[in-house]
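Work through the exercises below with the model open. Try each task before reading its solution.

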Amino acid sequence: MAVVEEIVKKKKGYQLHVVPTEKYKTNTLVWKMKAPLDEETVTFRAILPYLLQSSSKQFPTTTKLRSYLDDLYGANFFVDVGKKGENHIISFSVEVANEKFLKNSEPLLEKGITFLNEILFNPNVEQGKFHEETVTSEKRNLKQRLQSVFDDKMRYAGVRLVEEMCETEPFSLQPNGIKEKVDDLTAKSIYQYYEKALKEDELDFYIIGDVDPTEVENICDRLFSLQDRKPKEITMKHEVKSTVKEIKEKQEVNQGKLNIGFRTGTTYRDQDYFALQVFNGIFGGFSHSKLFLNVREKMSLAYYAASRLESHKGLLLVMSGIDSKNYEQALTIIKEQMEAMKKGDFTDKEIEQTKAVICNQLLETIDTSRGLVEVLYHNVIAKQTISIDDWLDRVKQTTKQEILDIAQKVQLDTIYFLTGMEGA
Amino acid sequence: MEKIVFDQLQEELYYEKMTNGLDVYILPKKGFNKTYATFTTKYGSVDNQFIPLNKNEFVRVPDGIAHFLEHKLFEKEDGDVFQQFSQQGASANAFTSFTRTAYLFSSTSNVMKNLETLINFVQEPYFTEKTVEKEKGIIGQEIRMYEDNADWRAYFGLIQNMYHHHPVHIDIAGTVESIDQITKDHLYECYHTFYHPSNMLLFVVGSVDPTEMMQFIRKNQEEKDFKEQPEIKRRFEEEPVNVKEKKQILKMNVQTSKCQVGIKAMQTDLKGKELLKQELTINVMLDMLFGRSNDHYLQLYNEGIIDDTFYYDYTGEQGFGFAIVGGDTEHPDELADRIQKILLEAKSGQHLTSESLERTKKKKIGGFLRAINSPEYIANQFTRYAFNEMDLFDVVPTLEEITFEAVQKMAHDFIDEDRMTVGQIIPNR
């Protein structure tokens with residue numbers, strides 16, 4: 001039996017994905033809207049879901065809307081904006097209790113889907129524009145979200161690395177938009193963008209829980225009416241620099257943040273993607289990885305030293321927190337670990353260990369309904385149909401030679417260091 | 001082995017007290033890939049004055065030692081335990097809170113082997129001077145990382161405003177100076193005092209066979225030699241009722257201000273059902289006053305005084321408890337005033353309605369169902385509750401019992417000007 005049974009139905013204008021499972025006490029609904037990451041639209045897309053989440057025609061104030069959700073046994077509703085490669089993705093999530101665990105049963109699933117439909121297609125709009133006051137509040141909040149990146153130094157260093165590294169590529173954009181453009185947004189222009197997005201975005205709707213797929217499909221057919229569309233495709237280039245870019249930035253911080261970006265040239269679409277996963281795991285993905293063992297355990301230079309992949313952009317990103325005076329030493333050790341990877345300086349035991357942990361991590365991720373949606377959505381982004389079982393098999397089948405081949409492709413691109421005022 | 005059935009939730013919990021005093025709970029979760037286990041000792045950062053095992057006098061240990069011990073327990077003569085877990089396909093971790101230190105793993109294969117590794121590594125300490133010294137660098141960086149974290153500084157700043165003496169005001173990781181005093185002898189002394197099975201709880205949740213697993217744990221424990229240990233004697237200095245500081249402002253390298261209002265609990269000697277009731281009632285009350293379905297929220301939001309980082313929470317343990325309300329703001333003084341005003345008005349009977357109580361109760365019940373989808377939540381919260389003699393699975397019935405009068409009385413008793421404090425973080429530009 002497959003690890004996960006995903007039923008995918010092509011509907012007019014969107015794809016419906018249903019995963020029936022008895023695992024959860026709740027049912028999870030996630031509506032996803034995808035479009036290319038683009039300077040012109042990024043700020044519109046950053047504010048749009050927050051506007052829609054605040055009110056609707058039926059629930060003209062946040063108070064009314066949230067009271068309704070509380071009455072639905074605290075249905076959880078939130079929105080999120082992110083990027084996957086050079087795609088800009090808006091998500092609306094609703095999680096409702098499964099009524100069979102409640103004393104007084106009422107049809108919460110149908111109410112949840114109806115609510116989501118109301119939020120998406122019946123916004124608080126009059127005369128072709130969103131509610132002015134709400135727009136003013138949400139513009140302020142959007143600026144706040146953009147500004148808050150600066151206050152979280154770990155996140156800030158991560159964002160700055162990508163900005164520097166991908167300077168000329170759409171990937172340098174933050175999914176939360178461009179601060180300087182927020183003031184230009186108007187209640188009318190956002191509404192116009194909303195209409196366009198609903199017409200053109202690639203749409204996917206996930207329903208996870210103890211549900212009857214036919215019943216769910218019927219509810220959706222009754223509620224959703226959309227037009228067919230041909231979603232825009234992105235064409236992504238793998239930029240490669242001839243020299244390594246090195247950036248140092250000074251701020252009043254107690255701990256320096258050393259973030260390093262590598263290009264791998266491999267994304268989720270590619271055959272060697274699973275070898276890249278294993279490569280990253282041996283190098284810096286886990287607590288048995290080279291970065292953790294050498295930067296932290298052996299040299300006591302950091303509390304955290306790790307790497308992660310941007311799977312749809314083909315980047316490998318290293319992050320660590322160190323004393324500013326140890327910059328050279330930490331950088332040297334990190335570079336040495338990459339050299340060791342390129343030379344094949346890792347054992348079969350390390351390979352097996354890493355595969356086991358990657359498979360474990362994937363299986364754990366899909367134990368949460370949200371995690372499962374994120375994993376399944378990779379296929380939509382990359383136009384693939386890799387099942388969870390394929391995923392596990394392909395990780396397990398990875399050979400040392402394939403890891404070595406990946407290693408030869410990995411190229412140091414940018415070194416970013418956020419340093420204290422006294423250091424370096 | 002005892003079996004406890006929760007009909008409405010369709011869950012079964014298995015329990016056994018081992019002969020050495022260890023409490024073991026197993027909750028099978030159908031359909032889950034993962035098994036999650038926590039092995040927790042009732043020993044946290046607040047336990048800094050106690051009588052060590054086989055001694056008669058109280059000692060005071062360096063700040064941050066419970067957390068330091070947590071780090072060091074992973075290291076053994078033949079390397080660190082993380083390696084062993086990852087070879088077995090598991091990921092391991094640990095955390096130290098005010099009152100607990102928990103060791104945990106999660107895995108989707110080799111569950112018994114991983115469980116054995118977890119139990120054994122926690123029950124076989126190995127500390128040397130050399131490895132203790134090495135760890136000071138790593139924990140030093142952990143402390144520095146938190147020093148740059150404005151949310152953490154705001155949180156701890158507020159607790160420091162509230163408490164004069166109680167060690168809850170001491171940072172869990174200690175300071176670079178305090179951890180420098182820690183030796184391997186300190187670690188052994190704390191270890192032998194607090195890591196006795198009778199002071200610990202093992203919780204396993206996931207796709208497991210409870211009978212087989214209980215048998216396995218029983219055998220593992222019977223093979224080990226633990227001498228019966230008397231009850232641990234801890235000491236806490238007398239804590240005044242009122243807050244230490246009414247207001248503190250901290251300047252940091254941030255762009256946005258933060259403002260939080262704290263209320264120190266008045267009654268901290270509760271345990272069991274009473275503590276659970278207090279905690280839930282205060283949380284329900286805060287939700288009725290500051291939740292998003294409330295007019296106050298919308299007003300503050302529309303006026304630009306709060307943004308979506310606004311939050312509120314109550315933490316209650318034996319010996320201390322506090323509520324926090326606040327978040328990021330462009331108007332820290334205005335926010336402090338408004339929160340305090342709403343609270344004091346609630347004390348005098350305003351803003352609370354029986355209609356919003358019913359709504360909040362429903363919301364909390366749904367929230368509980370959502371939470372118990374998570375093995376992590378079940379294990380961690382069950383343990384916290386058990387150490388306070390409460391039962392996680394009493395949450396829904398206890399919520400249902402909360403009356404409007406009880407909320408009003410709680411607002412009246414809990415909210416008090418002298419037990420309120422304000423903490424702010426202001427950009428240093």
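Three exercises follow, each with a worked solution.

This is a predicted model, in which local features need pLDDT of at least 70 and side-chain atom pairs count only at pLDDT 80 or more, while totals for chains, interfaces and linings use all residues. Residues are numbered from 1 along each chain as its sequence is written, chains are lettered from A and ligands numbered from 1 in the order in which they are written, and side-chain values use heavy atoms, with hydrogens and water left out.

**Exercise 1. Describe the open sheet of chain A and the helix α3 that packs on it.**

Step 1. Strands are DSSP runs of E of at least two residues, and helices are runs of H or I of at least four, numbered from the N terminus. Two strands pair if DSSP finds at least two bridges between them.

Step 2. In chain A, six strands make up the sheet, in the order β1-β2-β8-β3-β5-β4, with mixed pairing.

Step 3. The edges are β1 (7-11) and β4 of chain A; each has a single partner strand, so one side of each lacks a neighbour in the sheet.

Step 4. From one strand to the next, the twist averages 15 degrees.

Step 5. β2 (residues 14-20) and β8 (residues 202-209) of chain A run parallel and share six bridges. Within this chain, A:Val18 has A:Ile207 in β8(A) as its bridge partner.

Step 6. Helix α3 (residues 108-121) of chain A touches β3 (26-36), β4, β5 (87-97) and β8 of chain A, and its direction makes about 145 degrees with that of β5(A). Contact means heavy atoms within 4.5 Å; axes are lines fitted to C-alpha atoms, for helices over the stretch in contact, and angles run from 0 to 180 degrees between N-to-C directions.

**Exercise 2. Is A:Tyr73 buried or exposed, and what about B:Asn54?**

Step 1. Buried means under 20% relative accessible area, exposed over 50%, and partly exposed in between (1.4 Å probe, protein chains only).

Step 2. A:Tyr73 lies in the loop between α2 (62-71) and β4 (76-84) of chain A. Its relative accessibility is 7%, so A:Tyr73 is buried.

Step 3. B:Asn54 sits in the loop between β5 (49-50) and β6 (59-60) of chain B. With a relative accessible area of 73%, B:Asn54 is exposed.

**Exercise 3. What is phi at A:Tyr73 and at B:Asn54?**

Step 1. Most residues other than glycine have a negative phi.

Step 2. A:Tyr73 has a positive phi, near 50 degrees. For B:Asn54, phi is also positive, at about 65 degrees.
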